[in-house]
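The following paragraphs walk through a protein model, beginning with its rings and moving on to its sheet, its helices and the confidence attached to each part. Please keep the sequence and the structure in view while reading.

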Amino acid sequence: MTAVVITGTGLVCPAAASVPELLAAPVDAGLDPSDWFDPVPYLGKRGWKYFSPATRHLLAAAGLVLADADLDPTTQRDESMGVVIGTNFAAAPVVGRFDEVIVAEGADMLSPAEAANFSVNIAASQISMKYAMRAFNLTLTDPMVAGVESLLTLSAGMRRGRARLGIAGATEERAPCGGEPALAAFGEGACCFTLELASDAAARGATVRAVLAGGFSRFLPPGAD
């Protein structure tokens, strides 16, 4: 079996940003959850105004992971790099706002600048566009396990010769709780990993953080052991 390794990690979340007052506050405390993240150090002063928070977090994590892996995408062939990102709530706040506007004022009042953010695929697509990763671009939306499946899916594509390296990970906005305390624990942020063929990583002297030996994801019926 072709060996796939992880050569970099990038994490953007309130815990990593060390904002204890936001982490300890209940969801309904009135604090703005976006206060923990400043896009400028990661994305510069321009070009991200109309991106959703999930997209901003993911682009920041992608930049961090490439730096951590000491990997310059411009030295790679475009068609050799793939992107697989898991998410469930990346587009939920935007879609919710659109629903409210359409019901109250009509579709003509939707903001053209924000219209593209309704798609759950936008966050992952921004990575491909920024770093010219054109082998494939996939967004997975399986509840609870989309991030794990992003690693498995990208590594499977690499083993099949569809790409030689890429970025896998997940990004989320805070889940709409709907009165469910269990969902309130799920915060927002993004995490990315760089995956490479072991032979390529060794050739460029990369530090191997982990080896993806295998794995699977499945759902069991309620009550199953």
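Rings of Phe, Tyr and Trp, the last represented by its six-membered ring, are taken as a pair if their centres lie within 6.5 Å, and planes under 30 degrees apart count as stacked. In this model, which is a predicted one, the count by that rule comes to one aromatic pair. The partners are F37 and Y42, whose ring centres lie 5.4 Å apart and whose planes meet at 15°, so the pair is stacked. The two residues can also be described by their accessibility: F37 is buried, with a relative accessible area of 10%, whereas Y42, at 38%, counts as partly exposed.

Turning to the fold as a whole, the secondary structure of the protein comes to 10 helices and six strands. Buried residues make up 40% of the 225 residues, and the protein exposes about 12,100 Å², of which carbon and sulfur atoms supply 58%. Of the contacts between residues at least 6 apart in sequence, 74% join residues that are at least 24 apart.

The six strands can be followed across an open sheet, where they take the order β3-β2-β4-β5-β1-β6 with mixed pairing. Strands β3 (136-140) and β6 (210-212) stand at the edges, and each has a single partner strand, so one side of each is left without a neighbour in the sheet. Averaged over the sheet and with direction ignored, neighbouring strands are turned by 25° against each other. At the β3 edge, β2 and β3 pair in the parallel sense over five bridges, and within this part of the sheet V83 stands opposite N137 in β3.

Which strands does helix α4 touch as it packs on the sheet? Helix α4, residues 53-68, is in contact with β1 (4-12), β2, β4 (165-172) and β5 (189-197), and its direction makes about 130° with that of β1. The loop between α4 and β2 contains D70, a residue other than glycine whose phi is nonetheless positive, near 50°. With a relative accessibility of 64%, D70 counts as exposed.

A second helix to follow against the sheet is α7, which lies across β2, β3 and β4 and runs at about 160° to β2. The buried residues of α7 are A123, A124, Q126, I127, S128 and Y131, and they pack against α4 as well as against β2, β3 and β4. A general property of helices is useful in reading such a list: an α-helix has 3.6 residues a turn, so residues three or four places apart point the same way.

One of these buried residues, A124, deserves a separate look. A124 is found in helix α7, which spans residues 122-131, and A124 counts as buried because its relative accessible area is 1%, where the limit is under 20%. What does A124 touch, not counting residues up to four places away in sequence? The contacts of A124 are with L58, V83, I85, N137, L138 and T139. The C-alpha atoms of A124 and I85 are separated by 5.9 Å, although the two residues are 39 apart along the chain. V83 and N137, both touched by A124, are the residues already described as standing opposite one another, with N137 in β3.

Just after α7, A132 takes a positive phi of about 55°, although A132 is not a glycine. A132 is found in the loop between α7 and β3. Is A132 buried or exposed? At 18% relative accessibility A132 counts as buried, whereas D70, in the loop between α4 and β2, is exposed.

Confidence in the prediction should be weighed alongside these descriptions. The protein averages a pLDDT of 83, and 80% of the residues score at least 70. Among the elements, strand β2 (residues 81-86) has the highest mean pLDDT, at 97, and helix α9 (residues 181-184) the lowest, at 45. Over residues 179-185 the pLDDT is below 50, and beyond near neighbours in sequence this stretch has five contacts in the model. Residues 19-23 also stay under 50, and for them the model has nine contacts beyond four places in sequence.

Note on methods
Residues are numbered from 1 along each chain as its sequence is written. This is a predicted model: local features need pLDDT of at least 70, side-chain atom pairs count only at pLDDT 80 or more; totals for chains, interfaces and linings use all residues. Side-chain values use heavy atoms; hydrogens and water are left out. pLDDT is the predictor's confidence in each residue, from 0 to 100. Helices (H or I, at least four residues) and strands (E, at least two) are DSSP runs, numbered from the N terminus. Contact means heavy atoms within 4.5 Å. Buried means under 20% relative accessible area, exposed over 50%, partly exposed in between (1.4 Å probe, protein chains only). Accessible areas come from the Shrake-Rupley method with a 1.4 Å probe; for residues, only the protein chains shown count as cover. Rings of Phe, Tyr and Trp (its six-membered ring) pair if their centres lie within 6.5 Å; planes under 30 degrees apart count as stacked, over 60 as edge-to-face and the rest as tilted. Two strands pair if DSSP finds at least two bridges between them. Axes are lines fitted to C-alpha atoms, for helices over the stretch in contact, and angles run from 0 to 180 degrees between N-to-C directions.
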